Structure formats: C-alpha cells, structure tokens
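Me: I would like to go through this model in questions and answers, starting with the ligand site and then moving to the pockets and the backbone.

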Amino acid sequence: QFPRECVTLEGLRSGQCCPSPFGVANDACGSATGRGQCISIATDASPHGPQYTHDGRDDRERWPIRYFNRTCQCNGNFTGYDCGRCMHGLAGLNCDQPVAIVRRNVMQLSADQKRAFVTALDQAKRTVHPDIVIATRRYQDVFGPDGNTPQFENITIYNYFVWTHYYSVSKTFLGSGQPSFGGVDFSHEGPGFVTWHRFHLLQFERDMQNMLQDPSFALPYWNFAIGGSTCDICTDDLLGARSNLNINSISTNSIFSNWRVICESVEDYDTLGTICNNTETTPIRRNPAGNVARPMVQRLPEPQDVADCLQVNTFDTPPYYSTSSESFRNTIEGYSAPQGNYDPVVRSLHNLAHLFLNGTGGQTHLSPNDPIFVLLHTFTDAIFDEWLRRHAPDSAVYPSENAPIGHNRGYNMVPFWPPVTNAEMFLTAPENLGYSYEAEWPGGNNHHDKHEDTKLATPKNQSNSADLKRLESKMLFLRQEMAHLRAIDVKLMQQLMSINDGIESIKWVMEDKEGLASRESSLTGSLYSLLDSQDDTSSRGSFTSLHDGHSDGLDGISVGSYLDTLDELAEDLSEHTSPTDLDLFSDKPVIEDETFSKPTMRLRVDSDEYYCFG
Ligand SMILES: O=C(O)c1cc2cc(O)c(O)cc2[nH]1
C-alpha cells in the first residue's frame with residue numbers, strides 16, 4: 001500500500017510521500033531530471049451513495065488522505081511512486097520504447113509457456129515485494145504501542161495482491177464490542193468494480209514484470225464462459241487438478257497445493273479491529289461445481305451470456321449498486337441476468353465463476369489466494385475492454401457522484417499507491433494502458449446490432465482463430481524469407497554478369513593469343529538462352545512459383561536457373577580456359593556482398609521484361 005521509504009516516523013508525520021528515484025538523495029520525484037514533482041493529493045469531494053452511513057470512521061475515506069496528503073506527480077511517460085518507472089506499455093531509459101503486452105487465453109499457451117506462468121506465480125508467492133509494505137494496524141494504532149514504532153510489515157508480491165483485495169472489501173471497524181459495518185466495499189457492487197480490478201491486475205502484472213525482469217510478461221486469461229461443470233484450467237500443468245484424497249483440495253502434483261492463504265481470520269480482524277498481515281495459514285480450498293446446496297452455481301456461465309452482456313448499452317445505472325438494472329457493470333459483475341435485468345436470485349458471469357469455484361476463490365476477503373482469481377479477472381477485464389471498444393463511451397457515463405463510497409469517478413481507488421482514480425482506468429486498454437487481449441468476440445464490429453450473430457467464440461473456434469493467427473504470422477515469415485531470397489537472386493544475377501564479363505575478357509585473351517578468327521560466343525549464348533528458358537526440368541528445381549501477388553518485379557527470376565547457369569558456365573569455362581585463366585575468378589564466392597564493377601547491360605529475364613543492372 002505504501003512505499004517502504006515513506007512509512008518512517010518522519011514520513012508519516014509529514015504526510016508527504018515523495019521519494020527520490022534511483023536512491024539519489026534529495027531529489028523528490030526525480031524533479032532534478034524533469035521526471036516529476038511533489039504535489040498535494042486531490043481527493044473526491046462528491047457525495048457518495050446512501051449505503052455507507054459512518055462517515056469519519058474509516059481510514060479509507062477520501063483515500064489516501066488519512067495517511068498521506070502529498071505524492072509524486074510524474075511527467076510524460078514516467079510513472080511510479082517516485083517517477084522512477086515507465087508508464088504501462090513503455091520501456092527504456094526515457095520510457096519511449098513501446099512494449100507489446102498481449103494477454104492470451106491460458107488454454108492456448110504452449111506447455112513451456114504454461115510452466116513458465118505457473119513458476120512465475122509461485123516465485124511471486126515467495127518473493128518479498130521490493131517496494132511496498134502494508135499497514136498491520138488501523139491508522140489510530142499505526143504509530144505502535146509507544147507512538148514511535150510504525151506498524152508496517154513486508155509482504156510477498158503475490159500476498160500483496162491478495163491483501164489489497166482484502167483491504168478493499170473489509171468491514172468498517174466501529175469499536176471494540178461493536179459489530180463491524182459490512183455495508184461498504186471499495187471494489188465491488190459499484191461502477192468501480194471494473195476499474196478497481198483492472199488496476200489491481202495491472203499493478204500485479206507490473207510487479208511480475210519487475211520480478212522477472214521481463215517487461216513483456218503478460219497475464220493470461222481464463223475464458224470461464226464455456227458452460228458445463230468442468231473447470232478446464234484445473235489441471236496440474238495449470239492451476240491444479242482436484243486432489244484424489246480430498247474433494248476440497250488441490251492435487252499434490254500441483255505447486256499450488258503448497259500454497260497457504262492469508263487474511264483468513266476475518267472474524268478476529270472485525271472484532272479486534274486488527275488488519276490481515278502476511279501470515280500464511282491453511283491450504284487453498286477448491287471444489288469446482290461442488291456446491292450441491294446451490295445448483296445454480298454448479299455450472300459455468302455460457303458463451304451466450306458474454307455476448308448478451310456486451311450488448312447492454314448503459315455502463316451503469318442508479319443506484320450504481322448491486323441492485324442496478326440494465327447496467328453493463330452490474331451484468332458483468334454478475335448481480336444481474338446476462339441480458340441486464342436485475343434479479344436478486346441471479347448470479348452470473350464474474351460472480352458465478354467465483355461461486356463455481358466453491359472454496360477460497362468464492363469468498364471476497366480470501367478469493368485472490370486462489371490463483372484462479374488472476375485468470376478469472378483478466379477475462380472479466382477483457383469483456384470490459386471489449387465493451388469499451390464497442391460502445392466508445394464518453395467519460396461522463398461513469399458516475400461522478402452518488403455511487404457507493406469509493407466508486408465515484410474521481411475517487412482514488414483503495415488502497416493503491418500512488419493515488420489512481422477510477423476515471424484513469426475507464427479507457428480502452430490497448431490505446432491507453434499498453435496491453436491488449438488476444439480474444440475472439442462474436443460479430444466483430446456489430447456491437448449495436450442485436451440481430452447479428454453474437455455467439456461467443458467457443459474454445460474450439462477460439463483455437464481455430466489462434467491457428468489462423470499462427471498461420472498469418474507464418475505467412476509473414478515466409479514473405480520475409482522470399483524477400484531475402486529475392487535479394488540473393490539479385491546478387492547472383494550481378495555475379496553472373498561479372499562472370500560473363502570475365503568470360504568476355506578470356507575470350508579476348510584467347511582470341512588474341514591464338515590468333516583465331518572471331519567466333520560466336522557459345523558462353524554468352526548459353527547464359528542468355530538459359531535465362532530465357534526458365535526450365536522446370538532444371539536439376540536444381542524451379543523457384544518461379546514464388547510469385548505471391550506482392551511482386552517487386554523480380555519474382556520471375558529463377559534462382560535454380562542461375563545455379564544451373566553457373567554450372568554450365570563452369571563447364572564452359574573448363575572447356576575453354578586454362579587453370580591460369582580461371583585463377584582470375586576462383587577466389588570470388590558465388591554469393592558475396594561486394595560485386596564486381598561491370599558495364600551497364602540489359603539482361604533478358606523473361607519473354608516480356610528486361611531488367612537493367614549496372
Ligand atoms: O456471492 C457472490 O456473488 C460473490 C462471491 C464473490 C467472491 C469474490 O471474490 C468476488 O470478488 C465476488 C464475489 N461475489
């Protein structure tokens with residue numbers, strides 16, 4: 001939640017968190033190099049909805065003002081709590097090199113890619129976050145029992161991802177002996193659901209990129225809209241199969257069977273007023289499709305549910321809550337039916353996917369402990385991004401007031417640092433946030449037409465389209481190869497002409513030496529006739545079929561013919577020249593960058609065209 005260097009006594013008392021990048025002393029936000037400057041934090045002053053009735057009692061109100069009121073504002077493409085990093089999708093010293101981050105269907109990754117992803121998650125579970133520490137006490141106790149010991153703790157990268165979710169959904173503590181207030185949720189049941197989870201993933205992806213030192217690392221997604229009652233990603237090469245010994249556990253063949261959850265003691269936090277920390281307790285529980293008491297959550301969403309949801313035109317509707325009807329946000333979140341109508345008994349799409357998991361992943365304070373959360377939310381985010389692309393909404397459709405606390409457009413999302421508003425995540429991802437999804441959606445650009453075919457790509461036709469993409473890139477590769485071959489073609493042609501020049505010189509020498517009458521040059525004739533013929537019976541095979549509709553005019557030249565020609569020339573030369581004469585040429589490779597200087601000549605390469613070299 002806060003950079004380690006800011007949670008000193010001095011930092012907390014000053015309310016300023018403007019570190020210097022790269023360990024340089026006294027260069028707040030890298031202002032000396034123009035990276036950024038330390039500014040006052042703006043917070044949302046608009047009224048929130050009626051759900052929260054305890055103003056003044058919660059550290060998360062007007063986030064992050066209870067802890068800090070000054071932060072770095074970064075210039076240009078710089079970002080981060082100290083302006084020491086590049087904005088999403090950019091890399092390099094000056095943050096001016098684009099990096100393509102493509103989030104792909106996890107089922108379509110190769111075995112190596114799957115293994116690398118699982119291994120990276122496990123590394124994140126064990127690696128202490130290099131920059132961020134978490135508060136382990138509410139603000140009133142954060143200076144410790146003696147008032148001089150800030151109550152912050154290290155946390156691993158993955159556990160930080162879990163902790164931020166827990167902190168955003170936790171209840172408002174109202175004092176010992178009083179029940180905590182549960183009518184508050186800074187990341188669900190409001191318009192901020194999509195923007196909060198989007199940033200949550202972005203931050204985690206960024207942490208993973210830094211950990212792996214790979215700026216192109218991309219989180220994959222789980223297309224959970226496949227219907228049926230099978231968790232297709234619950235296999236040991238991915239998120240873990242079911243244990244043979246315990247229906248609620250993950251197979252010991254999966255690395256995730258070793259994971260232990262954090263934030264489990266929610267009753268303690270709520271009664272004692274404490275906060276979850278990095279303490280790991282019990283294994284992940286998961287029993288996909290196993291909630292027999294609730295048959296409606298025993299099946300995954302259908303492909304058609306996604307197609308329907310994408311056609312809900314309005315981003316959100318009053319009261320901007322889990323009771324909103326005809327709201328895209330409430331539909332993708334899953335409190336409405338996929339067609340948009342609110343129905344209190346319905347659980348669909350995102351909510352349904354959570355509840356289907358039936359265990360750790362189905363409880364809001366715990367759910368990211370199950371790494372399926374990551375993939376479930378990347379797919380949710382992919383749907384959100386597709387909705388943004390299709391409907392191209394004005395930023396004003398995101399409510400600026402009267403949404404539940406934390407969900408107004410200008411609210412800084414809790415508990416992220418540096419402050420980031422919901423509005424900043426309400427933008428199409430490829431153009432504004434530096435990542436995209438490799439996903440197939442129904443109907444292409446048919447977003448406003450309810451009558452067109454809007455069937456979501458099933459895993460089968462998704463894999464067809466991935467095959468198509470692979471085929472396209474193979475074709476691109478082949479075209480490049482062809483261009484390369486054409487370049488070789490030209491060089492061969494040039495060398496042939498040089499050889500021809502040489503032959504002409506030899507002829508001269510021989511004629512001169514032997515005083516023979518001038519005769520018709522069989523060699524030159526041979527060269528010309530061979531190039532004319534483009535003979536498919538060539539012993540080297542013909543390359544004339546290379547023509548691909550992207551002609552640069554050289555496609556008709558046959559490399560095979562040139563090589564044949566060279567053979568014949570060599571034969572001719574051996575017949576008509578002495579070894580001494582051949583020595584003139586023998587140290588020249590057939591393909592070499594440098595060409596002999598040669599007179600301009602026109603060379604016929606097929607019946608209609610002449611090419612000019614010289
Ligand atoms: O009951 C629901 O609808 C429900 C459960 C659940 C768990 C979770 O982690 C979420 O993020 C949402 C959610 N909804």
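The questions and answers below deal with a predicted model.

Me: Which helix gives the most residues to the shell around the ligand?
Reply: The residues around the ligand include His165, His188, Arg347, His350, Asn351, His354 and Leu355. One helix, spanning residues 349–357, gives four residues to this shell. The helix that gives the most is H8.

Me: How does the shell around the ligand divide into nonpolar, polar and charged residues?
Reply: Among the residues of the shell are Gly362, Gln363, Thr364 and Ser367, and glycine is counted with the polar class here. The division is one nonpolar, nine polar and one charged.

Me: Which residue has an N or O atom in its side chain 2.9 Å from a nitrogen atom of the ligand?
Reply: The side chain of His188 has a polar atom 2.9 Å from the ligand, but the ligand atom there is an oxygen. His354 also has a polar side-chain atom facing a ligand oxygen, at 3.3 Å. For the ligand nitrogen, the residue is Asn351.

Me: How much of the area that the ligand exposes when taken alone does the protein bury?
Reply: Polar side-chain atoms of His188 and His354 lie 2.9 Å and 3.3 Å from oxygen atoms of the ligand. Taken alone, the ligand exposes 330 Å². Of that area, the protein buries 90%.

Me: Which pocket is the space taken by the ligand?
Reply: The largest pocket has a volume of about 930 Å³, and the second largest holds about 580 Å³ of space. Among the 31 lining residues of the second largest pocket, those closest to its centre are Val169, Asp185, His188, Glu189 and Thr364. His188 and Thr364 are also among the residues around the ligand. The space taken by the ligand is the second largest pocket.

Me: Which helix supplies the largest share of the lining of the second largest pocket?
Reply: H3 (157–169), H5 (266–272) and H8 each supply at least two residues of this lining. By class, the lining has eleven nonpolar, 15 polar and five charged residues. The largest share is four residues, and the helix is H8.

Me: How many nonpolar residues are in the lining of the largest pocket?
Reply: Of the 36 residues that line the largest pocket, Thr79, Gly80, Pro418, Pro419 and Glu424 are the closest to its centre. Strands S3, S4, S5 and S10 and helix H4 (192–212) each supply at least two lining residues. Alongside 13 polar and five charged residues, the number of nonpolar ones is 18.

Me: Where is the proline that a cis peptide bond joins to Trp63?
Reply: Most peptide bonds are trans. The bond between Trp63 and Pro64 is cis, with omega about 5°. Pro64 is found in the loop between S3 and S4.

Me: What is omega for the cis peptide bond from Val414 to Pro415?
Reply: Pro415 has its place in the loop between H9 (372–391) and H10 (429–432). The bond from Val414 to Pro415 is cis, with omega near 0°.

Me: What is the value of the positive phi of Phe22?
Reply: Most residues other than glycine have a negative phi. Phe22, in the loop between S2 (16–17) and S3, is not a glycine, yet its phi is positive, at about 60°.

Note on methods. Residues numbered from 1 in each chain as written. Predicted model: local features only at pLDDT ≥ 70, side-chain atom pairs only at ≥ 80, totals over all residues. Heavy atoms only, no water. Near = heavy atom within 4 Å. Polar contact = N/O pair within 3.5 Å; in protein donor to acceptor, adjacent residues only side chain to side chain. Areas by Shrake-Rupley, 256 points an atom, 1.4 Å probe, with all protein chains shown as cover. 1 Å grid on protein atoms, 1.4 Å probe; cavity = no way out; pocket = protein on both sides within 12 Å on 5 of 7 lines; lining within 4 Å. Sits in = over half its atoms within 2 Å of the grid points. Points joined across faces, edges and corners; volume = space filled by probe spheres on them.
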